[in-house]
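Biologist: Could you take one part of this model and walk me through it closely? I'd like the details tied together rather than a list.

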Amino acid sequence: MSATIAMAPDTRLRRVLRQLARQPGTLLAAAVVLAFVLVAVFAPLIAPFDPLRSNFLAVRRPPSDLHWLGTDEVGRDVLSRVIHGTRISLMAGVIPVLVAVGLSVPIGLIAGYRGGWVDAVLMRITDAMLAIPFLIVAIALAAFLGPDMINAMLAIGLASLPVFIRLARGAALAVRAEDYVEAARAVGASPMRIALRHMLPNMAPPLLVQASIMAATAIIAEASLSFLGLGQQPPAPSWGSMLNAAQRHMVAAPWMAIAPGLVIFVLVIALNVLGDGLRDALDVKRH
Amino acid sequence: MTRFLLFLGQRLALVVPTLLILSVLVFGLQHLLPGDPALAMAGEEMDPQAVDELRRKYGLDLPIPLQYWRWLTAALSGDLGMSLRNDVPVAELLMGKLGITLQLAVASMVIAVAIGVPLGVLAAARRGSWADRIGSFFALSGISVPHFWLGIMLVLAFSVHLNWFPASGYVPFREDPWRSIMGFVLPSIVLGTGIAGVLMRHTRSAMLQSLGADYVRTARAKGLREKRVVLRHALRNALMPVVTLGAIEFGQLLSGAVLTEQIFSIPGFGKLLVDGVLYRDYAVVQGLVLVSAVLFIATSLVADMLYFLLNPRLRA
């Protein structure tokens, strides 16, 4: 039986990859996300200028051969800031999701596996958390924790927690009734072993899909918090804080606003397409 | 009727513990403040005596369970504390903003329904066609676009360059109806497009399900015109989940479109929240989170009721 279980993920992975290969839109989205990752990794090599260096002789210059996307209110190169901002945005897409998954999976597993009053109490707490709109939780938490990039990411992760708890619990409930879990229980496996070895790997598909969609939401949320001054603090570049500055110079320097927003849009759309593609390939129902 | 009351009773029984836990979470927000909440409220330049005074005034020297009890009983009687910045009761401040946020929410919902539902119907009726692809791309874009950026772009195009709509500001309807409506056009488009995307996707998938159902096949077999089959038979059933989803989205809108209100300087819930955060007016932030959540729970309850009333299988 262990051989069957060991074989299953491999064949499933191959089937999923085959499914993904048949979706050109998903492949294109994956390529776009990969391109953003490469830009983030090689930002210092790609960026034509230092993103923090001001040049008061070139304040709010429109796009030119020297500055492809123009300069900002203190003469910094917009393109270089957009390139370096990719790092923050990708981190904002990954860290809150890791926080949310890391906290929600054990809670969801406990709720789904134990059931009874433990499940009832945990679900009521989750319902209460779900009642507060996502961005309001993120803003309130970021405000109470203090304006700082780490706090903003923590706030976004905590704000997305209830959705992941619900999902992890639902997945745990579905998996709990499967034959292989019953079989593991029958041969005397401990609850911890059943949860970690048998249930957790099979709970992954819906969590993976939600993670890709949540990464997109988290990127917009980070940009929103930075736009409000609650995320990345100046002068470090982040797309949200660049838009905050751009709003004040909208009439005189519209180019300051176009590029940061456009890259958020492209990255988020790619992540959403990727999430949809993964959902289809993994055959996960919409939640 | 008895069935409906039973359903309502069951839902209300779930709402009460949720509200109670919510109150604990919102009360707990204050204790996330690094260090002493009184010090945070007072700011950096307050002397220790004034901080002690604040601590006594707000009951921060009491044990936490007692503080919570006092806060909860006050909140239940409509007292959400005082705004430090405006020196007025938070509840009064929120009531003053509710009408503005409500106007924006209604206008955005009108735009969302007017775009999202017809697009969803069209995409499903012509599955796989260009209309379907364009509609689906619009929905994806509506969901993915950062709305505050879309707001900036619309202001640039329609206010700065074309001068069609005001760039920001709020004019009460009673003062000047035309200017008031014009002021809401751009922010409603910004918020409406996002919800239109969500509604379009759900309408499309619900319509596809309906179009494949037996009663639609029967209607076609009877020789009814396709338009009538789609609009009278399929859409009627497909709209059920869409109506409830719309109610939930409306609940989200009521909590204030934080960034949109900020960009267009609309003095609703969202702007109040941002100002509360910027000026460290924590009672306002706390009150707003609580009221937003209660409003959301109320609209979710209405959504459930609507679903019950619209679904003949539940009513029977």
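**A close look at α10 and α11 in chain A**

Modeller: Let's start where α10(A) and α11(A) cross: the crossing is right-handed. Keep in mind that this is a predicted model. The two axes come within 7 Å, at an angle of roughly 45 degrees. That angle falls outside the under-35-degree range for roughly parallel and the 65 to 115 range for roughly perpendicular, so α10(A) and α11(A) count as oblique to each other.

Who touches whom there? On the α10(A) side you'll find A:A223, A:S226 and A:F227, and they meet A:G240, A:S241, A:L243, A:N244 and A:Q247 of α11(A).

A:S241 is a handy residue to click on. It sits in α11, the helix that covers residues 239-248 of chain A. With a relative accessibility of 14%, A:S241 is under the 20% cut-off, so it counts as buried. Leaving aside residues up to four places away in sequence, A:S241 touches A:S226 and A:F227, along with A:Q232 and A:A236.

Now follow α10(A) itself, residues 191-227. It has 37 residues, and a straight helix at 1.5 Å a residue would reach 54 Å, but the end C-alpha atoms of α10(A) are only 46 Å apart. If you look along the helix, there is a kink of about 50 degrees at A:L200, shortly before the proline A:P201. As for its surroundings, 26 of the 37 residues in α10(A) are buried, so the rest of the structure largely encloses this helix. Past the end of α10(A) comes A:G229, with a positive phi near 85 degrees.

Zooming out to the whole chain, chain A has twelve helices and zero strands. Its C-alpha trace spans about 75 × 45 × 25 Å along the principal axes. Of its 287 residues, 54% count as buried. Among contacts in chain A with a separation of 6 or more, 73% are between residues 24 or more positions apart.

For another helix pair to look at, go to chain B. There α6(B), residues 130-144, and α8(B), residues 177-211, have axes that come within 7 Å and cross at roughly 135 degrees. This pair is therefore oblique as well, and its crossing is left-handed. The α6(B) residues involved include B:G135, B:A139 and B:G142, while those of α8(B) include B:G194, B:G197 and B:R201.

Technical notes. Residues numbered from 1 in each chain as written. Chains lettered and ligands numbered in written order. Predicted model: local features only at pLDDT ≥ 70, side-chain atom pairs only at ≥ 80, totals over all residues. Heavy atoms only, no water. Helix = DSSP H or I, 4+ residues; strand = E, 2+ residues; numbered from the N terminus. Expected span 1.5 Å × (residues − 1). Bend = angle between axes of the 7 residues up to and from the residue. Buried < 20%, exposed > 50% of the residue type's maximum accessible area, 1.4 Å probe, protein only. Axes fitted to C-alpha atoms, helices over the stretch in contact; angles between N-to-C directions. Parallel < 35°, antiparallel > 145°, perpendicular 65-115°, else oblique. Left-handed = near helix turned anticlockwise from the far one by under 90°. Contact = heavy atoms within 4.5 Å.
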